[in-house]
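Open the model in your viewer and show side chains as sticks. We will walk from one charged pair to the next, with a stop at each.

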Amino acid sequence: QVPLVESGGGVVQPGESLRLSCAASERIMDQYAIGWFRLAPGKEREGVLCISPYDGTTYFTDSIKGRITISKDNAKNTVDLQMNSLKPEDTAVYYCAARGGFSGSRCSQGPNNFDLWGQGTQVTVSS
């Protein structure tokens, strides 16, 4: 059983918006740090944003500040990534991942060692 399931990807034009969702169990939602990552062609995987029940929200990259936000929907058990003013360089496969443990469940620990992953969803920004 896949622990995390992403949805919401698609093809959009520059300047448009997309909302990605990561569905997780209630336990993961309540106890784990959940991060969004992206893998663009020819580049290394990049951490984007993280949300934790213990230390809130952490940006893993400054390039998306002011355009992309993360939030939890506890009613739906999802962590959502709202992406506005999309640029061609945002094109990537977007993954959500979770990390538990006393320190690991805090986003301030950084983008490494996330050990539960979804299958990814493709986002393409092109005119």
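Which side chain meets Asp62 in a salt bridge? Select Lys65: the side chains of Asp62 and Lys65 form the bridge, with N to O at 3.3 Å. Keep in mind as you look around that this is a predicted model.

**Stop 1: the Asp62 and Lys65 pair**

Turn on the surface for a moment. Asp62 is exposed, because its relative accessibility of 58% is over the 50% cut-off. Lys65 counts as partly exposed, at 47% relative accessibility. This pair belongs to a set of 5 salt bridges that the structure holds.

**Stop 2: Arg38 and Asp90**

Next, select Arg38 and Asp90. Their side chains meet in a salt bridge, at 2.9 Å from N to O. The pair links distant parts of the chain: Arg38 sits in strand β4 (residues 33–39), while Asp90 is in the loop between β8 (78–83) and β9 (92–99), and the two are 52 residues apart.

Are these two residues buried or exposed? Arg38 is buried, because its relative accessibility of 7% falls under the 20% cut-off. Asp90 is buried as well, with a relative accessible area of 1%.

**Stop 3: Arg67, also on Asp90**

Keep Asp90 selected and add Arg67. Here is another salt bridge, in which the closest N and O atoms of Asp90 and Arg67 are 2.7 Å apart. Again, distant parts of the chain are linked: Asp90 comes from the loop between β8 and β9, Arg67 from the loop between β6 (56–59) and β7 (68–73), and their positions lie 23 residues apart in the numbering. Now add Glu46 to the view: salt bridges that share partners join Arg38, Glu46, Arg67 and Asp90 into one network.

If your viewer draws polar contacts, look for one of 2.7 Å between the side chains of Arg67 and Asp90.

**Stop 4: around Arg67**

Finally, centre on Arg67 and show what surrounds this residue. Where does Arg67 lie? Its place is the loop between β6 and β7. Even so, Arg67 is buried, with a relative accessible area of 9%.

Which residues is Arg67 in contact with, leaving aside its neighbours within four places in sequence? Select these to see them:

- Gln82, Met83 and Asn84 are among them.
- Ser85, Leu86 and Lys87 are also among them.
- Asp90, the salt-bridge partner from the previous stop, is one of them too.

How values were computed. Residues are numbered from 1 along each chain as its sequence is written. This is a predicted model: local features need pLDDT of at least 70, side-chain atom pairs count only at pLDDT 80 or more; totals for chains, interfaces and linings use all residues. Side-chain values use heavy atoms; hydrogens and water are left out. A salt bridge is a side-chain nitrogen of Lys or Arg within 4 Å of a carboxyl oxygen of Asp or Glu. Helices (H or I, at least four residues) and strands (E, at least two) are DSSP runs, numbered from the N terminus. Buried means under 20% relative accessible area, exposed over 50%, partly exposed in between (1.4 Å probe, protein chains only). A polar contact is a pair of N or O atoms within 3.5 Å; within protein, one must be able to donate a hydrogen and the other to accept it, and residues adjacent in sequence count only if both atoms are side-chain atoms. Contact means heavy atoms within 4.5 Å.
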